[in-house]
Amino acid sequence: MRLPAYPVPLAAMRAGLAVRRGILELADRIVPAEGALWDLVAGMQRTKLAGLLVTSGLADALGDRTRDIGEVARELGLSEDVTLRVLGAAAACRLVHLDGGRQARLARLGAPLRTDHPHSIASWVAYQSAPAIAAAYDEVEHQLREGAEPSGHRRAFGNSIWEYFGEHPDEGARFGEAMQQLTAIDLGALARAYPWPREGVICDVAGGIGTLLSAILERRKGARGILLDAPKVLAEAEDFLRSQGVADRIERRAGDLFGELDAHADVYVLKWILHDWSDDACRGILGRVRATMPTGSRIVVIDQHHESNRPSPLSSMTDLLMLVECEGGRERSPDEVHGLMRDAGLTPGRVRHAGLQMLVEAVAE
């Protein structure tokens with residue numbers, strides 16, 4: 001869910017999601033339960049269908065206009081008959097509008113499937129619809145009976161998702177693009193949700209190409225940054241940092257969450273890091289960051305706010321994804337993150353929110 005450029009209170013986000021859920025529940029009451037359930041379990045088909053619109057090029061070919069379906073099929077080298085059927089199913093899923101049966105255009109819901117859409121999540125949708133994800137989910141029943149670890153992905157492929165991406169660089173690249181797209185969804189809100197220092201140094205630990213760090217420095221002209229990640233990722237960051245006009249204010253430094261971390265800063269950011277790992281692994285990550293933190297510096301952990309006794313249509317589903325894809329991964333509550341911080345020798349601080357994203361602070365004393 002895309003957030004406004006300013007932080008939305010957690011209560012407001014929950015209220016909005018509750019209204020949407022209420023409307024959906026009301027719609028379900030209009031038809032027999034088995035009819036609503038039939039629609040619900042077609043979710044796998046909808047995910048695969050949305051991903052197909054991306055990977056086949058159909059979403060980009062339709063663009064922001066109405067086009068003849070036969071013309072699009074010929075342009076992409078697709079079967080016209082199958083294209084008609086696929087777009088018919090996409091229309092039933094509210095992704096596409098069909099005009100007269102032979103003309104198609106992307107609906108509002110389908111528009112972000114375009115790679116050139118300003119709010120595109122095309123890479124995330126393609127990643128979610130990939131066969132590897134389906135294979136990992138096939139293992140959930142084993143996890144249900146035997147425990148969370150090993151992950152569904154490891155059960156299916158015999159390695160971690162990170163090792164898998166190393167062996168399948170195209171899928172790893174798509175995942176990286178997806179993370180950048182999702183970060184962009186609430187970038188403005190996160191840059192405003194915390195009192196980032198106006199001067200001094202902000203270190204983004206495993207910060208990718210620097211999407212969040214660049215947005216923070218755009219608002220903090222007197223601050224400097226350290227982008228800490230693997231050498232390959234840092235090389236990929238160069239063009240992006242230059243395009244954002246912050247390359248001369250960000251030091252690129254190689255580091256490893258499970259190896260050596262060396263960066264002296266005033267604030268350390270870990271965005272969408274801890275939810276990938278078990279509690280023990282998180283304690284190790286936080287401990288290694290703590291070891292490089294000067295006294296008085298702060299750490300800010302950003303993950304989805306998830307309370308296990310309060311199901312959420314967003315964080316509960318992300319929590320399930322972490323169960324399936326990552327070793328011991330899970331979404332956590334602020335109290336749970338504070339507990340991990342204490343175990344790592346940090347003093348927990350304030351919790352802030354940008355919608356369902358929580359920014360949990362701790363201090364090195």
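The paragraphs below walk through a predicted model, from helix packing to aromatic rings and then to a few individual residues.

Let us begin with helix H6, which spans residues 80–92. One of its partners is helix H3, made of residues 43–55. The two pack at an angle of about 125°, and their axes lie 10 Å apart. That angle makes H3 oblique to H6, because an angle counts as oblique when it falls outside the ranges for roughly parallel (under 35 degrees), roughly antiparallel (over 145) and roughly perpendicular (65 to 115). The crossing of H3 past H6 is left-handed. If you would like to find the contact in the viewer, look on H3 for Leu49, Leu52 and Leu53, and on H6 for Val86, Leu87, Ala89 and Ala90. What kinds of residue make up this contact of H3 with H6? There are 7 nonpolar residues, with no polar and no charged ones.

Helix H5 (residues 69–76) also packs with H6, here at an angle of about 120° and with axes 9 Å apart. H5 and H6 are therefore oblique to each other. In this case the crossing is right-handed. From H5 the contact draws on Ile69, Gly70, Ala73 and Arg74, while H6 brings Glu80, Thr83, Leu84 and Leu87. Sorted by class, the contact of H5 with H6 holds 4 nonpolar, 2 polar and 2 charged residues. Leu87 of H6 is worth picking out on screen: it belongs to the contact with H3 and also to the contact with H5.

Just past H6 comes a residue with a notable backbone. Arginine 94 sits in the loop between H6 and strand S2 (96–99). Its phi is positive, about 70°, although this residue is not a glycine. Is arginine 94 buried or exposed? With 57% relative accessibility, arginine 94 counts as exposed, because the cut-off for that class is over 50%.

Alanine 206 makes a good companion to arginine 94. Alanine 206 too has a positive phi, of about 55°, without being a glycine. You will find alanine 206 in the loop between strand S4 (199–205) and helix H14 (211–219). Its relative accessible area is 23%, so alanine 206 is partly exposed.

Now for the aromatic rings, which form 11 pairs in the structure. A pair of this kind is described by the distance of the ring centres and the angle of the planes. Take tryptophan 162 and phenylalanine 165: their ring centres are 6.2 Å apart and their planes meet at 70°, an edge-to-face pair. Both belong to helix H11 (residues 161–167), where they are 3 residues apart, so about one helical turn separates them. Their accessibility puts the two partners in separate classes: tryptophan 162, at 33%, counts as partly exposed, whereas phenylalanine 165, at 10%, counts as buried. The two are also members of one aromatic cluster, together with Trp124, Tyr127, Phe157, Tyr164, Phe175, Phe258 and Trp277.

Two prolines come next. Proline 150 lies in the loop between helix H9 (140–146) and helix H10 (152–157). The peptide bond leading into proline 150 from glutamate 149 is cis, and its omega is near 0°. Proline 112 occupies the loop between strand S3 (103–106) and helix H7 (122–128). At 18% relative accessibility, proline 112 counts as buried, because the limit for that class is under 20%. Leaving out residues up to four places away in sequence, proline 112 touches His117, His119, Ser120, Ile121 and Ala122. Its C-alpha is 9.8 Å from that of leucine 95, a residue 17 places away in sequence.

Our last stop is alanine 191, in helix H13 (residues 187–193). With a relative accessibility of 3%, alanine 191 counts as buried. Which residues does alanine 191 contact, leaving aside neighbours within four places in sequence? They are Trp196, Ala215, Ile216 and Arg219. Valine 289, which is 98 residues apart from alanine 191 in sequence, lies 22 Å from alanine 191, C-alpha to C-alpha.

Notes. Residues are numbered from 1 along each chain as its sequence is written. This is a predicted model: local features need pLDDT of at least 70, side-chain atom pairs count only at pLDDT 80 or more; totals for chains, interfaces and linings use all residues. Side-chain values use heavy atoms; hydrogens and water are left out. Axes are lines fitted to C-alpha atoms, for helices over the stretch in contact, and angles run from 0 to 180 degrees between N-to-C directions. Helices (H or I, at least four residues) and strands (E, at least two) are DSSP runs, numbered from the N terminus. A crossing is left-handed if the near helix is turned anticlockwise from the far one by less than a right angle, and right-handed if clockwise. Contact means heavy atoms within 4.5 Å. Ala, Val, Leu, Ile, Met, Phe, Trp, Tyr, Cys and Pro count as nonpolar, Asp, Glu, Lys and Arg as charged, and the others, Gly among them, as polar. Rings of Phe, Tyr and Trp (its six-membered ring) pair if their centres lie within 6.5 Å; planes under 30 degrees apart count as stacked, over 60 as edge-to-face and the rest as tilted. Buried means under 20% relative accessible area, exposed over 50%, partly exposed in between (1.4 Å probe, protein chains only).
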